Amino acid sequence: MRATRVGWGLLAPTLIILGFVGVVPFLYVVYVGFFDWDIFAAKVGMVFAGVNNYRRLVFDSEYLAALGRTLQFMIWVVASELLLGFGLAQLLAKNFWGRSVFRTIHALPLVVAPIAVGATWRLFTIPGFGPLPYYLDKWFGIEYSISRYASHAFTTIVLMDIWHWTPFVTLTLVAGLTALPREPFEQALVDGANRWQVFRYLTLPLLTPVLVTTTFIRIMDALRVVDEVWMLTGGGPGTSTRFVGLHIWLVVFPKTAYGYGAAMSLLTLYFTIVLSWLLFIAITQSGKQTAS
Amino acid sequence: MAEEPQKPSKTNNTTPVAAPVRHVGRKGFLPITTNLWDRFFIGGVLLVAIHLLWLRFIEFYLPLPIATVISLILMYVIMRWG
């Protein structure tokens, strides 16, 4: 009984802080989601709207298109970053000359703020000024313009995100790889397992917890990307790179539709939770079936 | 003179901290092993999904409270037999 009280006492500061910075704002957003609240509307203040915001939301083609675009972006960046990160982690887990220098240089993008990453890539790719469009045109005759072609803008944002966040995946997987026990690998080698079998039946299952955690972090980050995209393309050309986070920002701040913005935020959070949960179930349950 | 064996002090005689309980869950009609919290979560997710789909496709013909009743029944079924 005393131990329980001490435990709750030790947890109390964290729980109180989490309650104030996490739970209370979340509940407030849920509350606001049921109101019409626009500071420039004829009726000042919050007007109860029931589920009207959600009714409007399920027919909002702009929001649904932004959500689809964000999912597409998320699939591209998370898959690429995991593949690249895993390959680089395998490389960095080995000893070779210049490993520390390479690891430091590789991790540098992580310390740059997303807004600065967006600004740098804008200077790098802006038509008529950046070196990338200039040399692509000069050397290969490719007309590259992120302000004119939607596919170019989307691809550039995907590449920028991969450049920015692959080091994070690499570092977490390196940490995971170096923490793996040696014995099972030695036993597998004694038993005559080849490299593929060691990877498929040892490395991958043992690394699953780290992989799942990294994947979730990256999925959640990719679904709420705003600042880099805002800096690089501003959501354009047209609405081709207007991802859901940027769309919500544009509705909530310039248009001051707080109630509707709250509903959009909650629906996005709902999709993020469902997606992460489905992925978690798929990975953990398939692991159990393989084990049994 | 032989030393007396030390008696265990009262301060050391506290109840040991219990190890965290691992909820292994059970298997119902759902294709995965779940505990009560998992089933509550699945019920909640379905409740929201049903309401959203109802608003989008069915509300024109049938009112929303029907979706609420269906969702709550489904939630109970999942928590009881899922």
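B:E59 is partly exposed in this predicted model, with a relative accessible area of 22%. The side chain of B:E59 meets that of A:R55 in a salt bridge, with N and O 2.5 Å apart. A:R55 also counts as partly exposed, at 26% relative accessibility. The two residues belong to separate elements: A:R55 lies in helix 2 of chain A, whereas B:E59 sits in the loop between helix 1 (36-58) and helix 2 (64-81) of chain B, so the pair joins two chains. Side chains of opposite charge can pair when their charged atoms come close.

**The interface of chains A and B**

Across the interface of chain A and chain B, one salt bridge is found. Residue pairs in polar contact between the two chains, with both residues at pLDDT 80 or more, number four. On the side of chain A that touches chain B, the elements giving two or more residues are helix 1 (2-32), helix 2 (52-57) and helix 12 (258-291) of chain A. Helix 12 of chain A supplies the largest share of that side, seven residues. By residue class, the side of chain A that touches chain B divides into 11 nonpolar residues, one polar and two charged.

In terms of contacts, 14 residues of chain A are matched with 14 residues of chain B. Between them, chain A and chain B bury about 1,300 Å², and carbon and sulfur atoms account for 74% of this area. Within chain A, the residues that lose the most area to chain B are A:V58, A:Y270 and A:W277; together they make up 39% of what that side buries.

**Salt bridges in the whole structure**

Over all chains, a search of the whole structure finds seven salt bridges. Three of them are set out below.

| Residue pair | Closest N to O distance |
|---|---|
| A:R55 and B:E59 | 2.5 Å |
| A:R218 and A:E81 | 2.6 Å |
| A:D221 and A:R224 | 2.6 Å |

The salt bridge of A:R218 and A:E81 lies within chain A. A:R218 is placed in helix 9 (residues 195-223) of chain A and A:E81 in helix 3 of chain A, so the pair ties together parts that are 137 residues apart in sequence. A:R218 is buried, with a relative accessible area of 2%, and A:E81 likewise counts as buried, at 0% relative accessibility.

A:D221 and A:R224 meet through their side chains in a salt bridge. A:R224 counts as exposed, with 56% relative accessibility. A network of salt bridges links A:E81, A:D161, A:R218, A:D221 and A:R224. Among the members of this network, the buried A:E81 and the exposed A:R224 stand in contrasting surroundings with respect to accessibility.

**A serine in helix 3 of chain A**

A:S80 is located in helix 3 (residues 61-92) of chain A. With a relative accessible area of 19%, A:S80 is buried, because the limit for that class is under 20%. The side chain of A:S80 reaches the backbone oxygen of A:W76 at 2.5 Å. Helix 3 of chain A is also the element that holds A:E81.

Terms used: Residues numbered from 1 in each chain as written. Chains lettered and ligands numbered in written order. Predicted model: local features only at pLDDT ≥ 70, side-chain atom pairs only at ≥ 80, totals over all residues. Heavy atoms only, no water. Contact = heavy atoms within 4.5 Å. Buried area = accessible area lost by both parts, 1.4 Å probe. Salt bridge = Lys/Arg side-chain N within 4 Å of Asp/Glu carboxyl O. Polar contact = N/O pair within 3.5 Å; in protein donor to acceptor, adjacent residues only side chain to side chain. Helix = DSSP H or I, 4+ residues; strand = E, 2+ residues; numbered from the N terminus. Nonpolar A, V, L, I, M, F, W, Y, C, P; charged D, E, K, R; others polar. Buried < 20%, exposed > 50% of the residue type's maximum accessible area, 1.4 Å probe, protein only.
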